[in-house]
Amino acid sequence: MEYCGAVGLFWRLQSHERCNGESMNDDPSGTNTGSATGQGTLAPASRRSEARQALREVGSAVVSLWWRFFDWLAVVSWKTLLGVSLLGLILAGMLNSAEPFLLIVVASFIVKVVAGGKRRAELTARLATQRAETEKLERMVLEARMVALQAQIEPHFLFNTLAGIEQLIQTDPPRAAKMQQSLIRYLRSAMPQMRDGRRPSLGQQVSLSSAYLEIMAERMEERLEAVVNVPEGLKTAAFPSMMLQTLVENAIKHGLQPKAAGGRLEIGAEIVDGLLSVYVQDNGTGFMPSSSDGVGLANIRERLAALYGGRGELIIGVPPDGGTRATIRIPYEIAPDAA
């Protein structure tokens, strides 16, 4: 398109020059001699400037077309290039232009052999960079959505906990004091993560979930037995925020609260095949695939795919004794500034 536009402009300039020449020669009376003389000093300079501009546009169009052709040569397969060349030779032979086109074909093969590999590597690197930037933006959007979701969940949980403390103050002050201490622990774990925005550690997530479990144990009137089995050496590992908390909340809501006697919930972590494996296991009513688990588990899967690609996964299983075991597996790495 750029080449055609530039050629059209150049053709119009040439036509304009011819028309001006013919109009000046067709005036036998000489009545316009003064006007022609007055414009004669400006018209050639103006026409030369326009002609140079047209030539620059033609040159830019040719360069652009060349690089597009070069990029095509770099990525096209040899089979496709051979097919296009044969088809072009047939058409050129029908137009009695086989020899010039044959030279172009030979030059194309030489260019592809000599410089095609390097150009293809450059294009592949550029695409990889663009893909990495896109994935980074997607991860940032997901984490921003996670922070917004956490900001929406926190007030609801806090109001319910404060209402429970107020009620216990009148009926059971020692339990109210214990729940208040657990709430303080929970806030001390949650607030720094919401402020600094850095990658949290597994230890921070375990501390947050432990405080949450203490509060829920008081609210469930001792129907909840919580066990944390996370080695100290793994607490410095990087672990996405709110994922462990989501698994704990789902275990209580869908597994233990519907059970009249309550039950046991265990948080554990281990290294399996070089991956960090963090699990939440309960002996509740069990996971029901047909029931809706809200946006929690779906959000975990979406974040794992964005953060780790195929290296992160969420696994839902059934332990031998019943209940549910939810496991998150991600690459093991140390969290920045892990305490």
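Okay, let's start with a term: a salt bridge here is a side-chain nitrogen of Lys or Arg within 4 Å of a carboxyl oxygen of Asp or Glu. Keep that in mind for the pair I like to begin with, Arg185 and Glu214, whose side chains meet in a salt bridge at 2.5 Å, N to O. That pair links distant parts of the chain, with Arg185 in helix H6 and Glu214 in helix H7, 29 residues apart. And before I go on, please remember that this is a predicted model.

So how do those two partners sit relative to the surface? Arg185 counts as partly exposed, because its relative accessibility is 32%. Glu214 is also at 32% relative accessibility, so that one counts as partly exposed too.

Let me step back and give you the overall layout. The chain has 339 residues, and buried residues make up 32% of them. How many helices and strands are there? You'll find nine helices and five strands. If you walk along from the N terminus, the order reads α-α-α-α-α-α-α-β-α-β-β-α-β-β.

Back to the charges. In general, side chains of opposite charge can pair when their charged atoms come close. In this structure there are seven salt bridges. Another one that joins H6 and H7 is the pair Glu218 and Lys178, at 3.6 Å from N to O. Glu218 is in helix H7, residues 202-219, and Lys178 is in helix H6, residues 173-196, so this pair ties together parts that are 40 residues apart in sequence.

Now, here's one for you: is Glu218 buried or exposed? Glu218 has 4% relative accessibility, so it counts as buried. Its partner Lys178 comes out at 47%, and therefore counts as partly exposed. There's a further player here as well: Arg175, Lys178 and Glu218 are linked in a network of salt bridges.

One more pair, and then I'll leave charges alone. Arg264 and Glu266 have side chains that meet in a salt bridge, 3.4 Å from N to O. Arg264 is partly exposed, since its relative accessible area is 32%. Glu266, on the other hand, counts as buried because its relative accessibility is 13%.

Next up, helix packing. As a rule, two packed helices are described by the angle between their axes and the distance between the axes. Let's take H7 and H8, which pack at an angle of about 25°, with axes 9 Å apart. Angles under 35 degrees count as roughly parallel, and H7 and H8 are therefore roughly parallel to each other. Their crossing is right-handed.

H8 has another neighbour to look at, H9. Helix H8 covers residues 243-256 and helix H9 covers residues 296-308; their axes come within 10 Å and cross at roughly 155°. Which way do H8 and H9 run relative to each other, parallel or antiparallel? The cut-off for roughly antiparallel is over 145 degrees, so H8 and H9 are roughly antiparallel. The crossing of H8 and H9 is left-handed.

While we're around H8, have a look at the loop leading from strand E1 to that helix. Lys235 is found in this loop, between E1 (224-229) and H8. Lys235 is partly exposed, as its relative accessible area is 24%. Which distance separates Lys235 from Gln204 in space? Their C-alpha atoms are 7.7 Å apart, although the two residues are 31 apart in sequence.

Met242 lies in that loop between E1 and H8 as well. Its phi is near 70°, a positive value in a residue other than glycine. Met242 counts as buried, because its relative accessibility is 3%.

Asp273 also has a positive phi, near 55°, and it isn't a glycine either. You'll find Asp273 in the loop between strand E2 (263-272) and strand E3 (275-282). Asp273 counts as exposed, given its 75% relative accessibility.

Last stop, the surface. Leu87, Ile90, Leu91, Met94 and Leu95 make a nonpolar surface patch of about 570 Å². Ile90, one of these, is found in helix H4, residues 78-94. Ile90 has 52% relative accessibility, so it counts as exposed.

That's my tour, thanks, everyone.

Definitions and conventions. Residues numbered from 1 in each chain as written. Predicted model: local features only at pLDDT ≥ 70, side-chain atom pairs only at ≥ 80, totals over all residues. Heavy atoms only, no water. Patch = residues over 30% accessible without salt bridge, like charges linked within 9 Å, V, L, I, M, F, W, Y side chains within 5 Å. Areas by Shrake-Rupley, 256 points an atom, 1.4 Å probe, with all protein chains shown as cover. Helix = DSSP H or I, 4+ residues; strand = E, 2+ residues; numbered from the N terminus. Buried < 20%, exposed > 50% of the residue type's maximum accessible area, 1.4 Å probe, protein only. Axes fitted to C-alpha atoms, helices over the stretch in contact; angles between N-to-C directions. Parallel < 35°, antiparallel > 145°, perpendicular 65-115°, else oblique. Left-handed = near helix turned anticlockwise from the far one by under 90°.
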